[in-house]
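Open the model in your viewer and set it to cartoon, with side chains ready to switch on. The stops below go one selection at a time.

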Amino acid sequence: MGFFDKVGKAALGSRLRLMTAVITDDASKIYELYGVDFVPKWFPVFYILTEERELTITEIANEIGHSQPSVSKIIQEMSNAGIVKESKTDDKRKNNVVLTEKGVLLSQKIQQQLKDIDVAIDGIISESKHNLWAALEEWEFLLEQKSMFKRVSDQKKLRESKDVEIVEYKPEYQEAFRALNVEWISNYFEMEEADYKALDNPEEYILNKGGKILVALYQNEPVGVCALIKMNNPDYDFEMAKMAVSPKAQGKNIGWLLGQGIVKTARELGAKKIYLESNTILKPAINLYYKLGFEKVFGLETPYKRCNIQMELVL
């Protein structure tokens, strides 16, 4: 166990596989102890057939949480051993799997073995400080809610986002402001006249009219931008627009940090309500806007052909 003490929780999968190997090896010996010719990996399929009697491979796979190819291979092995057989359904479109007479006799033979195993495992639980069986159920539930991959991905995003700095626009960032937006817009849509106005002349079109531009720096490189554009509208003070993040910097919470920065800036400028336009094919962006507190609105005239959703945030 010295290796696992050194590596720590990162070796969780390896440690579980090692324990699985130990238990599986013991399982083979237990079947021999009871005079049963049986392979441990067959047990989930075998057990479900003793309960349900007649199932398709798809139904078995869904019931025990295995893949169909895995179940098909096990069925073939069990069939070769004379424990199960396949038969066509009445409409002859699907194969049903059932226990053979040998399989039924086997299911009766192992009943005492299963009871003895239950008692043995209860003994381990009573000797240990932690109930592994209950813990496994809890971990399975938690991982179903949020996978290990997603948890590690979120941690990576959180850690890397700490190295992101949100700064105000300077003339030296004009090229990045334009390039990031052109890259993003061109990837999904076509550049339009209103885009060129804002991106070619940000000082004239945005800053000199009372707006702001925020720039996200990662390792001192501009990798994300977002603008707060002053609106001439009785209902809205500003429009949040021109948010773009470099593909190479995605996964670092940059959109969220820029959005928070823009909302904070709008509040500091005394805004009561801000507006944005987007397109529903941009699902991550729409989710971000909802997370920031934006809600759907309708009816404003837009200069963009690509706009099919309008949103507002009451500050």
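Select strands S7 and S8, residues 238-245 and 273-278. In this predicted model, the two strands run parallel and are paired through two bridges. To find one of the contacts, show glutamate 239, whose bridge partner in S8 is tyrosine 275. Now add residues 254-268, which form helix H13. The chain leaves S7, passes through H13 and arrives at S8, making a right-handed β-α-β crossover.

Stay on S7 and colour by burial. Is this strand mostly covered or mostly open? Covered: eight of its eight residues are buried.

Next, add S6, residues 221-230. S6 and S7 are antiparallel, with six bridges between them. Lysine 230 is a place to look, as its bridge partner in S7 is phenylalanine 238.

Return to S8 and select S10, residues 309-314. Here the pairing is antiparallel and involves six bridges. Show lysine 273 and you will find valine 314 of S10 opposite. Five of the six residues in S10 are buried, which leaves this strand mostly covered.

S10 also pairs with S9, residues 295-297. How many bridges join S9 to S10? Three, with the strands antiparallel. Valine 297 and glutamine 310 of S10 stand opposite each other.

Leave the strands and select helix H5, residues 68-80. From its first C-alpha to its last, this 13-residue helix reaches 18 Å, close to the 18 Å expected at 1.5 Å a residue.

Show the side chains of Val71, Ile74, Ile75 and Met78, the buried residues of H5. Turn the view to look down the axis of H5: these buried residues fall within an arc of 105°, so they line one face of the helix. The spacing fits a general rule: an α-helix has 3.6 residues a turn, so residues three or four places apart point the same way. On the other side of H5, select Pro69, Lys73 and Asn80, which are exposed.

Finish at the two ends of H5. At the N-terminal end, show serine 67 and serine 70. Serine 67 acts as the cap, with a side-chain oxygen 3.2 Å from the backbone nitrogen of serine 70. After the helix comes glycine 82, the last stop, with a positive phi near 80°.

Definitions and conventions. Residues are numbered from 1 along each chain as its sequence is written. This is a predicted model: local features need pLDDT of at least 70, side-chain atom pairs count only at pLDDT 80 or more; totals for chains, interfaces and linings use all residues. Side-chain values use heavy atoms; hydrogens and water are left out. Buried means under 20% relative accessible area, exposed over 50%, partly exposed in between (1.4 Å probe, protein chains only). Helices (H or I, at least four residues) and strands (E, at least two) are DSSP runs, numbered from the N terminus. Two strands pair if DSSP finds at least two bridges between them. A crossover is right-handed if, with the strands pointing away from the viewer, the path from the first strand over the helix to the second runs clockwise. The expected span of a helix is 1.5 Å times one less than its number of residues. The arc is that of the directions from the helix axis to the C-beta atoms. A polar contact is a pair of N or O atoms within 3.5 Å; within protein, one must be able to donate a hydrogen and the other to accept it, and residues adjacent in sequence count only if both atoms are side-chain atoms.
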